[in-house]
Amino acid sequence: MKNFAYVRANSVEDAISRTTNDRQAMFIAGGTNLVDRLKVFLDEPSQLVDVSRLEMKQIERTNEGGLKIGALVTNTDLANHIEVRRNYPLLSRAILAGASQQIRNMATVGGNLMQRTRCPYYYDTAFPCNKRQLNTGCPAATGINRIHAILGASESCVAVNPSDMSVAMAALDATVEVQGMQGKREIPLIDFHRLPGNTPDRDTNLEPGELITAVILPPLSFAKSGVYLKLRDRASYAFALVSVATALEVAGEQIKNARVALGGVAHKPWRAMEAEEFLIGKAANNKSNFEQAAEIALKDAKTLAHNGFKVELSKRAIRRALTVSAQGGGIV
Amino acid sequence: MNQVIGKSVNRKDGRAKVTGQATYGAEHQIPNLVHGYLVTATIANGSIRNIDTQQAAATPGVIAVFTHKNPPKIFKPTNNWMTSKIYEARLPLSDNKIHYAGQIVGLVVADTFERARDAAHQIKIEYETHSPQINAQKANYQQATSIFGEDMEYLAGEFETGDISVSGAATVEAIYTTETEIHSPMEPHALVAHWDNNDSVTIYEPTQWVKGSQRTYAELCGVPQEQVRIVSPYIGGAFGCKAFPWSHGVLCVAAAREIKRPLKVVVSRRQMTANTGHRSQTEQTIRLAANKDGKLRAIKHIAKSCTSPVEVFPEPCTGITPVIYATPNMHLKQEIAVLNVGTPTFMRAPGENPGMFALESAMDELAWELNIDPVELRLRNETKEHQRTKLPFSAKHFAECLKIGAEKFGWSDRQMQPRSQQQGELLVGWGMAAAAFPALRNRAEAKIRLLPDGIAHVLTSANDVGTGAYTVIAMTAAETLGLPVENIRVELGDSIMPNGGMAGGSQMTATLTPAVLTACQKVLETAKAQNAKEAFANLRESGLTAYEATASSAPGEEGKKFAFNSWGAHFCEVTVDEEIARLRVTRWVSVINIGRVLNSKTAASQIRGGVIMGIGQALMEECHFDPNIGYPVVYDLATYHFPAHADIPRIEVSFVGEPDLNFNPMGARGCGEIGITGVAAAVTNAVYHATGKRIRSLPITPDKLL
């Protein structure tokens, strides 16, 4: 492990200027993923800029009636926040479905968005990996790929984004507020993470030096119908094989609005917009509509040797989650 | 007698463990200690063409770099399973050949762990790579012999006379598979080796067999046994993977001698997936033929497992088959193939565990075929004698396990048809299976000292791998001496103490407690006292510093008269949310027959631990090797799944039967492994009852339920 400097940023501007001037510098907050990666030589920063003591720990109501969540709010605090539990229950449940209590106590919202894939080929420098080093190859594509992507993957990378929180935020139309030397800008959460393409080394559209300062949730009148369904190999403390975040606005028996996002299936949280559009105007009490929506959401799925089951599992998860959302939401 | 045996007694070592006072192998603080980090192969088959250590050696803090070009001196051991054994016959760094990914190809020693690891990462290796054999389906299988060299094929009845068309009113035949599992103890493999003047060494290492380890390291170092001391007071889980030295231990001890500094080597979690053992994947074919009344006519059980290129270890799946049920015709066969993977070894109920998954699944299939209740089918096939040795079983209460288990579970309420029980949207299934494990016992020795302050001090080299040995030893001494358990001090896990035997094969309690009992009786004789109170009075009067006695205890001729085995039955409930392929185990009842239960609390914990590990095997445990590169694609305790609390229901454990006094003076058989046997079959049998789907390939991950 290369030696690195540790510096504590005294302001957002200070943090940004340090990482803008040094491309090898990295931010650290909770460190729940980054420290693990440092230990196994996945990242070799010149300096760690500790942002954990900066302000950005507030959850505030926005003028529009949504929430602005500081980037340093811990996963635990966000999941347990009364407004989140009341108005965005699916976000709370998604966070609580991830990691362990100890990890959630340390992990921050910004860090959660920045966590990297747990693809075992990426995680061990004994394997070649395009994400670690471009043009070295992707052994996962021809290896053991049971947990890998079925949507949006490329020849160079079949890894999946591991976050639960991001899937809920994708469904909730969240926006990521970032700040760089040029000032602040907002990126819709569904455009924050990237598909791998030929540049799987880049997970996000953050520019060098940019720091996540907040996540903004717009008000969503039907957020209470939210469901987060996570399917995995054990009941707790495992990444999703497939997860689904849904919400439905139903008037009478008719669907007025829909949200469907998938996790565990792509290099980014996957918003199934076409399936959402299909649902609008359809009957909420007819399960075949949900089946068709699931078919639409997965129509472009491409499978590898071991992950074919994810297509069917995703469809069933969508069907179930939408059924529960149609009944007003809840825990599955 | 204050009658503590059989009571529920808290662990004597519990407080030390939860407060961090218990010192594990690599936690021993030694002045001038330096750190070793292993360099491991990134290919699975081939050889090292060139290994460049220049940059690593020049890194600040680096003290030495060992590779096959400059290995530390290691002497060849006799390598016999009974006396001195290393897990892998090939000595580390003995040549440039690579047999599996993760094989040790170097050791970097530095003043800090971080510097050693950093330098190890800078070593550049050029390989000559050959395509590895990783695929068990395409491997070349041959007839296996046991680790003691015995033929593993057995033919009886019509199989022996060549008529192999044995059939009955009902016949079931199927193939069952289990995946590679890794032991994953909480305490990683780690040791400290501390040489004194190049001729004697103290090794702080978790080991299930202190005296065996002492002999083996002595041979590896070319020094007399007395010049090796093994210190192993606490072990954070072993399950079979800490019985003998692995290559990292051999290398650590030899390297410490060369560098003349105490040396610590800790194997990383990642490295542990590849080079410190696993349970081989298995493929088993079982054919059962039965009469209309369910009586077995024939059992045919053919098992395949894999080993590494550097050691032969067959997973002995068929060993338990002639124990459980009576049948006139039997064919057992074991095959083995070599893969370019690390060396497999013992893992909790080696052989019995996968073997009983297959056998107890097949029995369930037969029960459905015959439309006989699976509990009843087992009762009808019970045997009073071992089918191979023809010896009668001693103190056997298998039928009671089945009947009492059924009653406690409420089995009679079971709807016979699959998919017939529901709870809202969930399908509910009930399943059961037998548990069985042989009762083993060996020779052991213990020393006892009565001290003037009213304390009885028990010393033996045996150790506590987390099972509760400290506590049952104290209870045995307390009972025999008439003292409270608090007045017994137990010291374990040091080779300077009398030979306490091995913590393996569920034999520690049965082996050691008779020696403790005898030593206590002997020390009272020495003190000319009826009980400890009198002995302490005599001691004070005599002015002596202590009364001491050492005694040994060993099996006699009883093994020629009886077959000794433990028994049990598991009953479980599962729920299946079929649409989303979500399976949960929701209820568990185990009834176990292990002779006398010495400590009802730790014994029940052992059974629970076995059941939990079995549920892990049933639902999630699997270590895949990359088909092209050969390296495991799990890398830590988060990616190699075993149960979290949320996966485990309340596990109700009870015991039946009287003390097995034919077996040993305590009447106690072991209970470390029996708990895991049959568990996976009970789960898959319940899944069949819930869904009508027979899962013959473990683990039952969600994809298999779609």
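Where in chain B is Ser506(B) placed? In this predicted model, Ser506(B) sits in the loop that links strand E21 (488-492) to helix H12 (508-526) of chain B. Its backbone is worth a look: phi is positive, about 55°, although Ser506(B) is not a glycine. The residue also counts as buried, since its relative accessibility of 11% falls under the 20% cut-off.

Leu93(B) tells a similar kind of story. Here phi is near 60°, again a positive value in a residue other than glycine. Leu93(B) belongs to the loop between strand E3 (62-67) and strand E4 (97-98) of chain B, and with a relative accessible area of 2% it is buried. Another backbone feature turns up further along the chain, where the peptide bond running from Leu698(B) to Pro699(B) is cis, its omega near -10°. Pro699(B) lies in the segment that follows helix H15 (679-691) of chain B.

Now for chain B as a whole. Its secondary structure adds up to 15 helices and 25 strands. The radius of gyration is 26 Å, close to the 27 Å that the globule rule gives for 706 residues, so chain B is as compact as a globular protein of that length. Measured out along the principal axes, the C-alpha atoms fill a box of roughly 75 × 75 × 55 Å. Of the 706 residues, 64% count as buried. Contacts reach across the sequence too: among those in chain B with a separation of 6 or more, 82% come from residues 24 or more positions apart.

On the outside, chain B exposes about 24900 Å², and 48% of that area is supplied by carbon and sulfur atoms. As for charge, there are 68 positive and 71 negative side chains in chain B. The centres of these two sets lie 2 Å apart.

His248(B) gives a closer view of the interior. This histidine is part of helix H5 (residues 247-259) of chain B, and its relative accessible area of 2% makes it buried. Leaving aside residues up to four places away in sequence, the neighbours that His248(B) touches include Leu38(B), Ile104(B) and His189(B), along with Ala190(B), Leu191(B) and Glu205(B). Val265(B), Val267(B) and Thr276(B) are also among the residues in contact with His248(B).

Over in chain A, Leu34(A) is found in helix H2 (residues 34-39). It is buried as well, with a relative accessible area of 8%. Once residues up to four places away in sequence are set aside, Leu34(A) touches Met26(A), Phe27(A), Ile28(A), Asp43(A) and Leu48(A). Ala174(A) is another matter: it stands 140 residues from Leu34(A) along the chain, and the C-alpha atoms of the two are separated by 24 Å.

That leaves the place where the chains meet. Chain B and chain A bury about 3200 Å² between them, with 59% of that area on carbon and sulfur atoms. On the chain B side, Glu579(B), Tyr635(B) and Leu706(B) supply 21% of the area buried against chain A, more than any other three residues. The contact takes 38 residues from chain B and 38 residues from chain A.

Methods
Residues are numbered from 1 along each chain as its sequence is written. Chains are lettered from A and ligands numbered from 1 in the order in which they are written. This is a predicted model: local features need pLDDT of at least 70, side-chain atom pairs count only at pLDDT 80 or more; totals for chains, interfaces and linings use all residues. Side-chain values use heavy atoms; hydrogens and water are left out. Helices (H or I, at least four residues) and strands (E, at least two) are DSSP runs, numbered from the N terminus. Buried means under 20% relative accessible area, exposed over 50%, partly exposed in between (1.4 Å probe, protein chains only). Contact means heavy atoms within 4.5 Å. The radius of gyration is taken over C-alpha atoms; the globule rule is 2.2 Å times the number of residues to the power 0.38. Accessible areas come from the Shrake-Rupley method with a 1.4 Å probe; for residues, only the protein chains shown count as cover. Lys and Arg count as positive and Asp and Glu as negative; His and the chain ends are not counted. The place of a charge is taken as NZ of Lys, CZ of Arg, CG of Asp or CD of Glu. Buried area is the accessible area (1.4 Å probe) that two parts lose on being put together, summed over both.
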